[in-house]
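Got the viewer open and a selection box ready? Let's take a walk through this one, stop by stop.

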Protein chains: 2
Amino acid sequence: MALDPAGDRAPEDLTTRARIRDAAIRLFAERGIGPATIRDIAKAAGVSSGLVRHHFGSKEALRDACDAYAMDRMNRLWEQMFAEGRLADQAFMGSVHPTAMRLQNYLVRSMMDGSDAASSMFESMVEVGEQFLAAQKVESADLRAYSAVLCAMQMGVFLMHDQLSRVLGVDVRTRAGYARTSSGFVDVFSRPLITPEQAAQLHAAVDRMHVPPSDSDAQDVATEGAVHDDRRDSR
Amino acid sequence: MALDPAGDRAPEDLTTRARIRDAAIRLFAERGIGPATIRDIAKAAGVSSGLVRHHFGSKEALRDACDAYAMDRMNRLWEQMFAEGRLADQAFMGSVHPTAMRLQNYLVRSMMDGSDAASSMFESMVEVGEQFLAAQKVESADLRAYSAVLCAMQMGVFLMHDQLSRVLGVDVRTRAGYARTSSGFVDVFSRPLITPEQAAQLHAAVDRMHVPPSDSDAQDVATEGAVHDDRRDSR
DNA sequence: GTCCCCGCTACACAGCTGTGTAGTAATCTG
DNA sequence: CAGATTACTACACAGCTGTGTAGCGGGGAC
């Protein structure tokens, strides 16, 4: 199951079952869990729709299998990258990139669409991040919120890849596109965007928010003049 | 059939058309455009499903109307907040918060699900951000990528609000939850997470990525031993 | 050989989807 | 008042959805 020394590296991933799973991961990530249909997944894998059910039982079970596979695969990759120190291995990182990209895309999407498995993965990411921040002696009033927001923000880059591609003029799933987003990533994390004074001000404002001046939560500003309300024609 | 428990909001001074639109914005944001059905939207608005069509013509047109409304509304709010300088107005900000939250949630979701209108909004956000960064004299090799990633990351916090709520133990759509994510936000932007040396290293690694050592893009590491491939039973 | 399991396909079924149509009640216009 | 337009509902329809069932072909076990 884990770290099998010999014979584990079988190139027989041509298994129909694996092809279906891969197609499902791709389509789930591309369209979301709901809109991706079993028939389309079967078509993408080049099999009949009945076979999907034969192998996985149901759409929900197929999704669970995709979750389990993607999580296991990503954990392995992380292990290789960090524990085995292959982060500097350029050839390895290059060859790993498309896979990691696909898996991350799927996991993030699955997370957002409410998968229990992927959600627990998010939780552990937040915990790892929190420990990292603590080890870095980062001082924050709410380290968990810090880590959680950090994780959620990273997810955003995967979720918005269509829009990022549009804005950057290059498909972010290609190597060149990925390089640009990575560059942006490094920029974001390498320098502060607001001064300590601004941060203190904002923190104070956030604290004040806990006790609202009145019960204005019920009064909703949205009900005031809306431009598109009183159009009469519908087509 | 009204869902609102204790006269939460939206009294009857709202046009039926507006009630439908609000319900659509809520359900679209909650479930995504695809899975949110016209019948459910109608039920949430307390009308027949035919009336939704009568007022908006089609699901796509309904979505366009939601896009237009939400964008216009958000633009107004931003105008009030920034141009009219009501950012410091605590009562205003407090009353505006739930509305802005809902609209942002919808717009981000609509963006991710491929709305042209909302996508162009993302583009203008990126441009505003880029100009802001330029005005701040931020030095970056790729200011646009910087701004784009920044925007995408902010979207992530909205997209992952379910997971954030889980991890933080508080609904982030409430005032208390919003305060915690805001705190995390400030933390993220107020201090650098990586040193200039690390940043330089990473930038170098990213540059190297542009010219891969071999055509390993075709060779995919994902094809090596996968754990869940050879299970035979499916149910 | 025969048997039987397993990968796999074809087809049927109920439920839900967006959409279309017909008709009724309410409101406005003259 | 009548006449028309609008707000709104009920219902029908084709298409797609996930799921269920029956059956086919081939390869290993006996």
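**Stop 1: a lysine in a loop**

Start by selecting K137(A): its relative accessible area is 72%, so this lysine counts as exposed. Keep in mind as you look around that everything here is a predicted model. Zoom out a little and you'll see that K137(A) sits in the loop that links helix 6 (116-135) to helix 7 (143-159) of chain A. Now check the backbone: phi at K137(A) is positive, about 60°, even though the residue is not a glycine.

Hop over to chain B and select K137(B). There, too, you land in a loop, the one between helix 6 (116-135) and helix 7 (143-159) of chain B. K137(B) is not a glycine either, yet has a positive phi of about 60°. Buried or exposed, then, for K137(B)? Exposed, since its relative accessible area is 72%.

**Stop 2: chain A as a whole**

Color chain A by secondary structure. Which elements turn up as you go from the N terminus? The run reads α-α-α-α-α-α-α-α-α-α, in other words ten helices and zero strands. Switch to coloring by accessibility, and 47% of the 235 residues in chain A come out as buried. If you like contact maps, try one here: among contacts in chain A with a separation of 6 or more, 57% join residues 24 or more positions apart.

**Stop 3: DNA strand C**

Next, show DNA strand C and the 15 residues that surround it. The closest are T16(A), S48(A), T37(B), R39(B) and R53(B). On the DNA side, 57% of the strand C atoms that come within 4 Å of the protein belong to sugar and phosphate.

Three distances are worth putting on screen:

- R39(B): a polar side-chain atom is 2.8 Å from a base nitrogen of DNA strand C.
- H55(A): a polar side-chain atom is 3.3 Å from a phosphate oxygen of DNA strand C.
- K59(B): a polar backbone atom is 3.0 Å from a phosphate oxygen of DNA strand C.

Two elements each give two or more residues to the surface near DNA strand C: helix 3 (49-56) of chain A and helix 2 (38-45) of chain B. Helix 3 of chain A has the largest share, with four residues. Color that surface by class and you get four nonpolar, seven polar and four charged residues.

**Stop 4: DNA strand D**

Now for DNA strand D, which has 15 residues around it. Which of them come nearest? T37(A), R39(A), R53(A), T16(B) and S48(B). Of the strand D atoms within 4 Å of the protein, sugar and phosphate account for 58%.

Here are three phosphate contacts to display:

- T16(B): a polar side-chain atom lies 2.8 Å from a phosphate oxygen of DNA strand D.
- K59(A): a backbone N or O atom lies 2.9 Å from a phosphate oxygen of DNA strand D.
- I38(A): a backbone N or O atom lies 3.1 Å from a phosphate oxygen of DNA strand D.

The elements that supply two or more residues to the surface near DNA strand D are helix 2 (38-45) of chain A and helix 3 (49-56) of chain B. Helix 3 of chain B gives the largest share, four residues. By class, the surface near DNA strand D splits into four nonpolar, seven polar and four charged residues.

**Stop 5: into the core**

Hide the DNA and select F28(A), F122(A), F28(B) and F122(B). In the largest nonpolar core, which has 129 residues, these four touch the most other members. Center on F122(A) and show its contacts beyond four places in sequence. From chain A you'll find M111(A), A148(A), C151(A), A152(A) and M155(A), and from chain B M160(B), Q163(B), L164(B) and V167(B).

**Stop 6: two rings and an alanine**

Over all chains there are four aromatic pairs. One to inspect is F185(B) with F189(B): the ring centres are 5.6 Å apart and the planes meet at 45°, so the pair is tilted. Both residues belong to helix 9 (residues 175-190) of chain B, four residues apart, about one turn of the helix. F185(B) is buried at 17% relative accessible area, and F189(B) is buried at 13%.

Finish at A100(B), in helix 5 (residues 90-112) of chain B. With 13% relative accessibility, A100(B) is buried. Beyond its neighbours within four places in sequence, A100(B) touches M74(B) and L77(B). For a last distance, draw a line from A100(B) to A176(B): their C-alpha atoms are 16 Å apart, with the two positions 76 residues apart along the chain.

Conventions
Residues numbered from 1 in each chain as written. Chains lettered and ligands numbered in written order. Predicted model: local features only at pLDDT ≥ 70, side-chain atom pairs only at ≥ 80, totals over all residues. Heavy atoms only, no water. Buried < 20%, exposed > 50% of the residue type's maximum accessible area, 1.4 Å probe, protein only. Contact = heavy atoms within 4.5 Å. Near = heavy atom within 4 Å. Polar contact = N/O pair within 3.5 Å; in protein donor to acceptor, adjacent residues only side chain to side chain. Nonpolar A, V, L, I, M, F, W, Y, C, P; charged D, E, K, R; others polar. Core = buried A, V, L, I, M, F, W, Y, C linked by side-chain atoms within 4.5 Å. Phe/Tyr/Trp six-rings, centres within 6.5 Å; stacked < 30°, edge-to-face > 60°.
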